[in-house]
Amino acid sequence: MAEAFLNKLGVNKFSAESAGLEPGVLNPLVVESMKEAGIDISGNKTKEVFEFFKQGKLYSYVITVCDEASAESCPVFPGMAKQLHWSFPDPSVFKGTQGEKLAQIRKLRDAIKRKVEEFVSFAQ
C-alpha cells in the first residue's frame, strides 16, 4: 500500500519499490481496499529485498512498515543514508469476518496514505 501511494502521491518526486524478506502473495482484501481508493495493485508482484540488494540498487530513503512486534523480521537495507520506520500492523493477521477484516484494512490503508502524504510534503 505504501509503495502504491508513494508512486501516486509522489509522482515526479519519488519512485518507490517494495519488498519483504521473502516474496509472498498479495492479500485480496488489500487489493480490494486499494481499488476502492482508486489504485489498482492487482497486477503487482511481491518481491524479495535481497534481490534489490544483489542488484546494487541505491535509494535515497528506505522505509520499513513492519509493526513493532515484527520488527526483528523487518527487512534491513545496509548503507542507506536515510532509513525510516513506520510501524503498521500486518493485514494478514487481522481477525474476524471478511467484512471486519476489510474494515480494519481500510483504516490501515487510510493511515498509510496519511503517512505517505506527510512524507511527500516534507521529504526532499
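## Exercises on salt bridges and the chain around them

Lys54 and Glu51 form a salt bridge, with 3.0 Å between the closest N and O atoms. The model you are looking at is predicted. Let's start from this pair and work outwards.

**Exercise 1.** Work out how Lys54 and Glu51 are placed in helix α3, and state whether each is buried, partly exposed or exposed.

*Solution.*
- Step 1: Find both residues in helix α3, where they are 3 residues apart; that means about one helical turn separates Lys54 from Glu51.
- Step 2: Take the relative accessible area of Lys54, which is 52%. Exposed means over 50%, so Lys54 is exposed.
- Step 3: Glu51 has 32% relative accessibility and counts as partly exposed.
- Step 4: Now look beyond this pair: salt bridges with shared partners join Glu36, Arg106, Arg109 and Asp110 into one network.

**Exercise 2.** Take Glu36 and Arg109 from that network, and describe their salt bridge and its place in the chain.

*Solution.*
- Step 1: The closest N and O atoms of Glu36 and Arg109 are 3.4 Å apart.
- Step 2: This pair links distant parts of the chain, with Glu36 in helix α2 and Arg109 in helix α4 (residues 98-122), 73 residues apart.
- Step 3: Check the cover. Glu36 is partly exposed at 41% relative accessibility, whereas Arg109 is at 9%. Buried means under 20%, so Arg109 counts as buried.

**Exercise 3.** Find the salt-bridge partner of Glu17 and say which loops the two residues sit in.

*Solution.*
- Step 1: The partner is Lys57, and the closest N and O atoms lie 2.8 Å apart.
- Step 2: Glu17 belongs to the loop between α1 (2-9) and α2 (28-36), while Lys57 belongs to the loop between α3 (49-54) and β1 (61-64). The two residues are 40 residues apart, and their pair links distant parts of the chain.
- Step 3: Glu17 is partly exposed, with a relative accessible area of 36%. Lys57 is partly exposed too, at 26%.

**Exercise 4.** Put these pairs into the setting of the whole chain.

*Solution.*
- Step 1: Count the salt bridges: there are 6.
- Step 2: List the elements. The chain has 4 helices and 2 strands, in the order α-α-α-β-β-α from the N terminus.
- Step 3: Look at contacts with a separation of 6 or more: 59% of them join residues 24 or more positions apart.
- Step 4: Turn to the surface. Of the 124 residues, 33% count as buried. The accessible surface is about 7,800 Å², and carbon and sulfur atoms account for 54% of that area.

Notes. Residues numbered from 1 in each chain as written. Predicted model: local features only at pLDDT ≥ 70, side-chain atom pairs only at ≥ 80, totals over all residues. Heavy atoms only, no water. Buried < 20%, exposed > 50% of the residue type's maximum accessible area, 1.4 Å probe, protein only. Contact = heavy atoms within 4.5 Å. Areas by Shrake-Rupley, 256 points an atom, 1.4 Å probe, with all protein chains shown as cover. Salt bridge = Lys/Arg side-chain N within 4 Å of Asp/Glu carboxyl O.
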